[in-house]
Every structure is written in C-alpha cells, then in structure tokens.
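Reader: Please examine one part of this model closely: the largest cavity and the residues that line it.

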Amino acid sequence: MRSKYLIAAALAALPLAAAAQDAYVVGVSAAMTGPVAGTYAPVVDAMKAYLDHLNAKGGVNGKPVRLVVLDDQAQPSRAAANAKQLVAQEKVLMLLNTSLSSTYAPMVAEAKSAGIALYFAGAVCPKDTFPPADPLQFCSTAFGANLDSQAALAFVKAQSKEPVRIGFAAMAIPISRGEIDYAEGLSKTLGMTPVEKQITPPPTPDYTPFATKLKDANPNWMYSWAPWVSQVRTFEAMRRLGWSGRYITWAHLNAEEELTRVKDGGLYVIGTNAFLEDNLPVHAEMRAIAHRANLPHPVSYLTEGFVAGFVLETALRNTPWPPTPQKALAAMNSLKVDLKGLRGGPLEWTKDNHFRTRQYYRVWRWDPAGNRVARVQDWLAIDVKQ
Amino acid sequence: MQLAVNIAVLASIYALICCGYVLIYRVSRVLSLAHGELMMLGAYGLYATASLFSGHPLLAVAAAGGLALAVGAAVYAALMWRMTGESVLAAVLATIALGILLRGLMVLVFGTQTQYPLRDLGWTNASFDVGGGARISAVGAALVLGTALVYGSLFAFLRGTRWGLRMRAAGQNPLLAAQRGVRLHGIYALAWALATFTGGMAGMLLASDAGLEGTLVTIGLKAFPAALVGGLDSLLGALVGSLIVAGAEVLLIHYVDPLLSDVVPFVVLLAMLVLRPWGLFGSREELDRV
C-alpha cells in the first residue's frame, strides 16, 4: 500500500520535474523595488520582455528560457537569500545580478560555492570581470571604471582650444569616488589643471552648497561620474549659480530623456549605448517588444536590458541541451554577441576577459539650434587590456 | 552672501520637514517614523494633480495641499486612532509599518521612474540675483518663504485660536483636557493632518527642485537630528535646530570637507544629547518620562 502511494507521488511529481528541466532557467536577483529601483528595474523588465519575445518565437535551441526574478531591494541580506534560493530550489544555470554593488559579495560567495556563472547586467562591472578575469564573473554593463574617464577626458582635451581648468563631482560611494580620483590624476597627465573636487553624500537635499564651491573655483570644464541624480543636480545647481562652463558626465539609462528635459547645450553625456535618436532597425524592434509587454519605462531606458537579453540568448544558444551550469560557463568563456548596433561593435568575452575586449564611446549633447539631442562624437574604440 | 543664502535654503528644508515630527510628537507623544513616506506621498500628490489639472498649476498645487491634509486625517482615522490607549512603542511601530506599506504602494502606483512635477505644472526653476553676488533658485525662494509662512501661521494658530489652545492643552495634559471637554480624537486628527500637510509641502518643493524619486524618503529622516537638537516638542526649537544643523553643514562643506556634511547633523545631535538631552527648547519633564 505504502509503495503505491510512493509511486503515485513520484508520478505526480514527474510533470513538475519535467517542466523544470524543459527550459533554460536563469536566476536574477535585482533591485526591483526600493530607492534605487529606477536604475535597475528597467534593465530586468526589458531583458524579460526580450526573452518572452524569444520564447514566443520558439525559444533557444527549441527550448524556452525561464527567468526567475527575485527582488533584493538593493539589500545584501536579501541578495544572499535570493542567491541561495535560486541555486538550491530553482537549480538555475547561472545567476544574474542587477543591483547595487553592496549585494555583490553574498552572490559571489554563493556562485563560488555552487560553481556557477555570475553575470552582472545593468549593475556596475566589478574589477574581477576585467582581465585577468575571475573564472565565474561576467559583465555586460555599459560603464567601465577608468576606461570611461579616459574617453571623457580625451574628449575634453580634443574639444578645448584654451587651457582646461577642470572640476570634478562624485557621489560618496566607493566606485564613484575611486573613478573621480583616477580622473583627477589622469587630467594632470593630459595637461589639464584640476581646480576643485566635490563629493556629495547620497542623498543630498540641496546640491547648491557643493555647487557653490565648484563654481567659486571657476572651472571651464566639469567632469562627473556618479549616479545620475548626483551628476545632473550638481550641474543644474551650478547653472543656477551663474556658471557658464561645459559639463561632461556619464550617459546613464535616462540620459537621452534628461538631455531633452534640461535643454542645455553645455551638458555633454558620454556613453557606450546608442540613443533612440540613432533610429536603428533594432530600435523599432525594441519599441514593438516594449509595447507588446506594456513596459512602464520609456524605450530609451531599455537598451541595457536588451543588451543583456542578446547576451543571454547567445550564451544559451551556445549551451547544448541538456544544459548544465558547466556547459553555460564554457559558452560564456568564449562569447561574441552581435548587439545590432546598440553599441559600437560586438560584445566579446574570452577566457581572461569577462568585461569586453573593446569598449566604444559616443558623446551627445542638446543642440539648441536643432532643438534635439545631437551626437558630438562618433564611436571611439578603446581596447580593454590587462 | 551666497553661503548665507545656502544656509537659509537648507535650514528651510529641514525646518519644514521637522515641523511634522514636532506637531505629532507635542500633541500625542508619538514619534512618526512614516514622516519621510508621507512627505513623498505629498510630492506624488502634486505629480498626480499636475497631470489631472493640466494647464491650471495653482489649482493643482491647492488640490495637492488639500490632498495632503486629507491623507493625514485619514491616517489618523484608519490607523493611529486605534493606537489610543496603547503603549507609545506600539504606536511608533504602527508608523513604521505604515511607512513600509506606503513605500510599496507608491512603487506599485507610480513606478520607479524619476518624475518632475514642476515641469508638469509648466513652471521652470529659474534663479535670480539677491544682491551681494548671491543667487537663489525660484524653488529655494519658495522654500524660505513657505517655511516662514508655515511657522508664522502655526505660531498664530497655536497661540491665538481656540483650536490651537485645545491642541496645546491636549499636548500638556490629555486627561485633564478631555475632562474639560476637548475632543482628543479631533485634535489628534488635526495634528496628523497639519503634519502631513507641512511634510507634503516639503516633499512637493524638494521634488520641484530635484525631481521625485525614492531617495526622498531618506531626506525625510535626514532632517530628524534638527528636530532633536531644537527639542522634539518645540516648534521654535525645530526652527533653531534646523538653522544650527544647516549652518554647520554648509560651513563645513565650504571650509573643511564636503564629506563631513553627512556626519555633522549627527555630531551636533550627539553634542546636544550629552549637554542637554531634551534639546534647546524641549520640555525636560516630558523627555525624562520617555
């Protein structure tokens, strides 16, 4: 009698097990809610919409892709619990992190103990993804420490006929401060004069006191590499104080929309993703998918998520069925992804380089004469070496 | 001169936020830890009314103010009223739960994207010269004037009107006030409504200056040391505490290190707790009891 129950239970469990194994399962821990959700939720929503679109067309290698998304609210403890659940219960092929850097450590630990890949999509690329890369960590996020400042300051130098007196603005978080310190040092080697550096705590009710000090130093250029709120509020506060110089800053997800809101010809953004203004065929595809999925974000916010979707698609396509974390890891160690023009070239990962072998930069600003966002510099390629 | 303007604007932000903490605490001895969320809800109220009354910015602002008053009264009627007679700790925990609930609801209803209510109202945040080479933004000026108006009105209300007298009586001795015929629930609901209105006003002005996003909640908490420095049950104390904290913050940013701006409110607070734990203008007797 007892064995009959066991057989019945096993038979009942079969469809569930089959369902679980009949898809490529990827686990995501992301800041879907909480104070920083505006930066991360669009990435995950876009990635999910693209994968749903892919599934509707037959999936990858004839199998659907299942994305299990757990919200960590940018809290390390929640990210740790999410990673454990994704590995132990969902048996995912790889982990994805789309959250603040404070959530990295517990996810890295879980990925290491399970021996599976950890892919950062839309989250800051950790140093471990740059060559020589950690065997388990990968990243497709647009911005790259040091490289961004090299490209931004090269642009400033190329644009300036007069001697450059440059000011710097960062947010009081390690990654932003580290990058601005690097940029300050780099500016000296490029013959510029760094005149002031302000580091604002997050969040700040009024940026004017910081902007006052920057304005008093009288820079003709400003460079900021920080979360968007810090970058643009510092700029706006300086303008209200009467500063008339030029300001270059990182092009976050919302940069295109923000250039249109601010409408200031002296605000430049540098980034590695194409803008909707480029009107590529892939943008039409993005618009259609976003419309079908009824996404609550502007289409210009979705590029990073689509890049992640393309990366996952290619990695899983190169993971033969039946998939295992080891097969997925092997596929990611030698990957070349066609980004359909969303960046200056393909995204390429090698065994030693899990960031990308080449990074491409463009610069935009608001063109007051044309009343539109205009490209100021086309793709500039920088090789990513050790 | 610019430093003085910066101090005035930052002190106004803190004072406007602190006002809500003080109003609720002095009347009901409850520390509202949902004040940051209610402040943000006020800002979302403006965002919603700006869309609803498109082309009529003054109507939108008035509607948002009315909405904030109604929300405050509703919070009391739906939640805090049931805390009457319970321990203060239970009431404080209820405000924490309310804050979590509001945060979740705001994400669900309004999403995670940064909003710009000022743009939706059709206004811009221009700046103008105030003499001595100093400039102030339109929103900064509105903050200073709005805070002066709010505090002036509250002082007049508390000292010169019957309802104000009742509110002070309920704060000093609720039992005696009730025995003299003061309807405590009405007074408490009014305190919550006024606190949410002033907090909402702070939220609306901050969102008009810097955009509306999730970090607004944290700014609500950042103003809390100013309320404690001045004395948690004193409106005058909130004003003076805000001025001290803002002054220290702006001067340190300018003359020492910008990174200290995050720490200085708490350094001032610690110093005050050591020297005068009930704050500059707070009531010693009441805080001893807490």
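The reply below treats that cavity, then a pocket, and ends with two further features.

Author: The model is predicted, so local features require pLDDT of at least 70 and side-chain atom pairs pLDDT 80 or more, while totals for chains, interfaces and linings use all residues. Residues are numbered from 1 along each chain as written, chains are lettered from A and ligands numbered from 1 in written order, and side-chain values use heavy atoms, without hydrogens or water.

The structure holds 4 cavities of 30 Å³ or more (on a 1 Å grid over the protein atoms alone, sets of points where a 1.4 Å probe fits but cannot get out). The largest has a volume of about 230 Å³, taken as the space filled by probe spheres set on grid points joined across faces, edges and corners. Its lining comprises 21 residues (each with an atom within 4 Å of a point). Nearest its centre lie Asp206(A), Thr208(A) and Arg240(A), together with Ser137(B) and Asp209(B). In chain A, α8 (228-240) gives two or more residues to this lining, as do α1 (2-28), β2 (134-137), α6 (138-160) and α9 (184-210) in chain B; these elements are DSSP runs numbered from the N terminus, helices being H or I of at least four residues and strands E of at least two. The greatest contribution, 5 residues, comes from α1(B). By class, 11 lining residues are nonpolar, 5 polar and 5 charged (Ala, Val, Leu, Ile, Met, Phe, Trp, Tyr, Cys and Pro are nonpolar; Asp, Glu, Lys and Arg are charged; the others, Gly among them, are polar).

Arg240(A) appears again in the second largest pocket, being one of the residues closest to its centre. This pocket (an open set with protein on both sides within 12 Å along at least five of seven lines) has a volume of about 480 Å³. Of its 20 lining residues, those closest to the centre also include Glu236(A), Arg261(A), Thr124(B) and Asn125(B). At least two residues each come from α8 and α9 (255-262) of chain A, and from α5 (117-121) and α9 of chain B. The lining has 8 nonpolar, 5 polar and 7 charged residues.

Two other features may be added. Across all chains, 26 salt bridges are found (a side-chain nitrogen of Lys or Arg within 4 Å of a carboxyl oxygen of Asp or Glu). One of them joins Asp134(A) to Lys112(A), at 3.7 Å from N to O. Asp134(A) sits in the loop between β4 (117-120) and β5 (137-139), whereas Lys112(A), 22 residues away, belongs to helix α4 (residues 104-114).
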